[in-house]
Amino acid sequence: MKSIFLLLFLSIFSLHAFCQSAPVIRMKCSSTFSKDEVLWIVVLNKKSYILNHSAERLINTETIEEIKILKDAAATALYGVRAANGVVVVTIKKSKSRKEYKRLKPYFEKA
């Protein structure tokens, strides 16, 4: 039986959102079974979509209603092994969701 080693440090977390800069969220993670990337989930009209890792900077900060950080076993239970390094759940405002969906649709992955 393979043992899976997971080490998650949340020692570095920073969110910078200035007028002309993209938001940056850093989680220091280490895992033996996946890349050290955080899983990005975008919620639009109560439907969730997985966002490509290269596209997290494309989210318009003015359309964000809520940001949740999931960093424990509950995230892995909800989203599987890809969520082992943490999950960032971004909820978009209802009034802006249709426009954001059209803009971000090419960057969504299948679950």
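This note comments on the sheet, the helix packing and the nonpolar cores of a predicted model.

1. Sheet order. Five strands make up an open sheet of mixed pairing, arranged as β5-β6-β3-β4-β7. The edges are formed by β5 (64-70) and β7 (108-109), each of which pairs on one side only.

2. Pairing of β5 with β6. These two strands, β5 and β6, run in the antiparallel sense and are joined over six bridges. Within β6, Val89 is the bridge partner of Lys68.

3. Thr91. This residue belongs to strand β6. Thr91 has a relative accessible area of 17%, and it therefore counts as buried, since the cut-off is under 20%. Apart from neighbours within four places in sequence, Thr91 contacts Val43, Thr63, Ile64, Glu65 and Glu66.

4. Helix α2. Residues 97-104 form helix α2, which lies across β3, β4 (47-51), β6 and β7. The angle between α2 and β3 is about 140°. With residues up to four places away in sequence set aside, Leu104 touches Leu58 and Ile59.

5. Largest nonpolar core. Twelve residues constitute this core: Val38, Trp40, Val42, Leu44, Leu51, Ala55, Ile59, Val88, Val90, Ile92, Leu104 and Phe108. Two elements, β3 (39-44) and β6 (87-92), each give two or more residues to this core.

6. Second core. A separate core of eight residues is also present, and Leu39, Ile41, Ala75 and Ala83 are among them.

Methods. Residues numbered from 1 in each chain as written. Predicted model: local features only at pLDDT ≥ 70, side-chain atom pairs only at ≥ 80, totals over all residues. Heavy atoms only, no water. Core = buried A, V, L, I, M, F, W, Y, C linked by side-chain atoms within 4.5 Å. Buried < 20%, exposed > 50% of the residue type's maximum accessible area, 1.4 Å probe, protein only. Helix = DSSP H or I, 4+ residues; strand = E, 2+ residues; numbered from the N terminus. Contact = heavy atoms within 4.5 Å. Pairing = 2+ DSSP bridges. Axes fitted to C-alpha atoms, helices over the stretch in contact; angles between N-to-C directions.
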